[in-house]
Amino acid sequence: MSEREDLLADLLAHGRFLGTLSSVGVVRPAEAAEEPESARPRGEPPAAPRPEDPAAALVAIREDLGDCRRCKLWSGRKTIVFGQGDPRAELMFVGEGPGAEEDEQGLAFVGRAGQLLTDIIEKGLKIKRSEVYIANVIKCRAPQNRNPEPDEILACQPFLERQIDAIRPKVIVGLGKFGGQWLLKTAEPISRIRGRVGEYRGIKVVPTWHPAYLLRNPAAKKDVWEDMKTVLRLLGRPVPGPRD
Ligand code: SF4
């Protein structure tokens, strides 16, 4: 799908997705109808302070998740892809959900898109992938990689919320439509929210294109690089110049 087609699909899906989200309470209609001035969500309570032992907190969350059957995606999965990385990461990435390779391995972002994400992290940001934390909005693969549905997102979200509360990163990158929209509690298309810094419970959020979209639209990599420079500034790290 071309970028233009993708944007049109986003716009067409916007109303439908928004209506469904409104009906299940993810986005209130009044909020959704307004034109937001920024990507900052409203009404988000501040998160609890980071626990003393984030690794133990993550283990407890995984135990609570168990052999989860809280939504219909359980029946088609091979593994639950909980998320992985440094429990004390300053930087976290949130994508949409596992694909076929991730479902096989039980790890987030290990397919072709995952390799590109690794390049973004290690070659672009100059951070080891093992030093960040990577998770998804939903933890089980959707059939034929279809979009996650609102009831599935709602069923899974307490666990992602708890993961973020455990890690308390400085910055979260929302990858693609679902990562960005979930973090910012908006139904605006990714084409509109990317390029703006938002907040999730006091944590800076940088929405950007999903690596799978970049595989189809390499020209969008320049946008992602601009977003990654924003990430580096927010982390207080040096931003490479044009000759670096
Ligand atoms: S997607 Fe989330 S809520 Fe649904 S079955 Fe998997 S782990 Fe449970």
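**Exercise 1. The sheet**

In what order do the six strands of the open sheet lie, and what is the pairing?

*Solution.* Start from the strands of this predicted model. The six strands form an open sheet in the order β1-β3-β2-β4-β6-β5, and the pairing is mixed. At the edges are β1, residues 84-85, and β5, residues 198-200, each of which pairs on one side only. Next, follow the individual pairings: β1 is joined to β3 by two bridges and the two strands run antiparallel, with Gly85 having Tyr133 of β3 as its bridge partner. Strand β3, residues 133-136, is in turn joined to β2 by four bridges, and here the strands run parallel. On the way along the order, β2 is also joined by four bridges to β4, residues 171-175, again in a parallel arrangement.

**Exercise 2. Strand β2 and its surroundings**

Determine how many residues of β2 are buried, and which way each of them points.

*Solution.* First, consider burial: five of the five residues of β2, which spans residues 91-95, are buried, so the strand is largely enclosed by the rest of the structure. Second, recall the general pattern, namely that side chains in a regular strand alternate between the two faces of the sheet. In β2, Leu91, Phe93 and Gly95 point one way, while Met92 and Val94 point the other way. Third, look for the bridge partners of two residues that follow one another here: Met92 has Ile172 in β4 as its partner, whereas Phe93 is partnered by Ile134 in β3.

**Exercise 3. The largest nonpolar core**

Find which residues of the largest nonpolar core touch the most other members, and which helix gives the most to this core.

*Solution.* The core holds 62 residues, and those that touch the most other members are Leu91, Met92, Phe93, Ile164 and Val231. Helix α6, residues 150-167, gives the most to this core, with eight residues. To see one of these members in detail, take Met92, whose contacts, leaving aside residues up to four places away in sequence, include Leu160, Ile164 and Ile167, as well as Val171, Ile172 and Val173. Tyr133, Ala135 and Pro169 are also touched by Met92.

**Exercise 4. A charged residue without a salt bridge**

Locate Lys185, and work out what its side chain has around it.

*Solution.* Lys185 sits in the loop between α7, residues 176-184, and α8, residues 190-193. Although Lys185 is buried, it has no salt bridge, and the nearest side chain of opposite charge, that of Glu161, is 4.8 Å away. A salt bridge requires the atoms to be within 4 Å, so this distance does not qualify. A polar atom of the Lys185 side chain does, however, lie 2.8 Å from the backbone oxygen of Trp182.

**Exercise 5. Salt bridges**

Given that the whole structure has 19 salt bridges, examine three of them and state how far each partner is buried.

*Solution.* Begin with Glu152 and Arg146, whose closest N and O atoms are 2.7 Å apart. Glu152 is buried, with a relative accessible area of 0%, whereas Arg146 is partly exposed at 26%. Continue with Arg196 and Glu188, which form a salt bridge with closest N and O atoms 3.3 Å apart; here Glu188 is buried at 7% relative accessibility, and Arg196 is partly exposed at 23%. Finally, Asp227 forms a salt bridge with Arg194, at 2.8 Å between the closest N and O atoms. This pair links distant parts of the chain, since Asp227 belongs to helix α10, residues 221-235, and Arg194 to the loop between α8 and β5, 33 residues apart. Asp227 counts as buried at 3% relative accessibility, and Arg194 likewise counts as buried at 17%. Salt bridges with shared partners also join Lys72, Arg146, Glu149, Asp151 and Glu152 into one network.

**Exercise 6. Positive phi angles**

Where do Gln144 and Arg168 lie?

*Solution.* Most residues other than glycine have a negative phi. Gln144, in the loop between β3 and α6, has a positive phi of about 50° without being a glycine, and it counts as exposed at 74% relative accessibility. Arg168 is found in the loop between α6 and β4; its phi is positive too, near 45°, and at 21% relative accessibility Arg168 counts as partly exposed.

Note on methods:
Residues are numbered from 1 along each chain as its sequence is written. This is a predicted model: local features need pLDDT of at least 70, side-chain atom pairs count only at pLDDT 80 or more; totals for chains, interfaces and linings use all residues. Side-chain values use heavy atoms; hydrogens and water are left out. Buried means under 20% relative accessible area, exposed over 50%, partly exposed in between (1.4 Å probe, protein chains only). Lys and Arg count as positive and Asp and Glu as negative; His and the chain ends are not counted. A polar contact is a pair of N or O atoms within 3.5 Å; within protein, one must be able to donate a hydrogen and the other to accept it, and residues adjacent in sequence count only if both atoms are side-chain atoms. Two strands pair if DSSP finds at least two bridges between them. A nonpolar core is a set of buried Ala, Val, Leu, Ile, Met, Phe, Trp, Tyr and Cys residues joined through side-chain atoms within 4.5 Å. Contact means heavy atoms within 4.5 Å.
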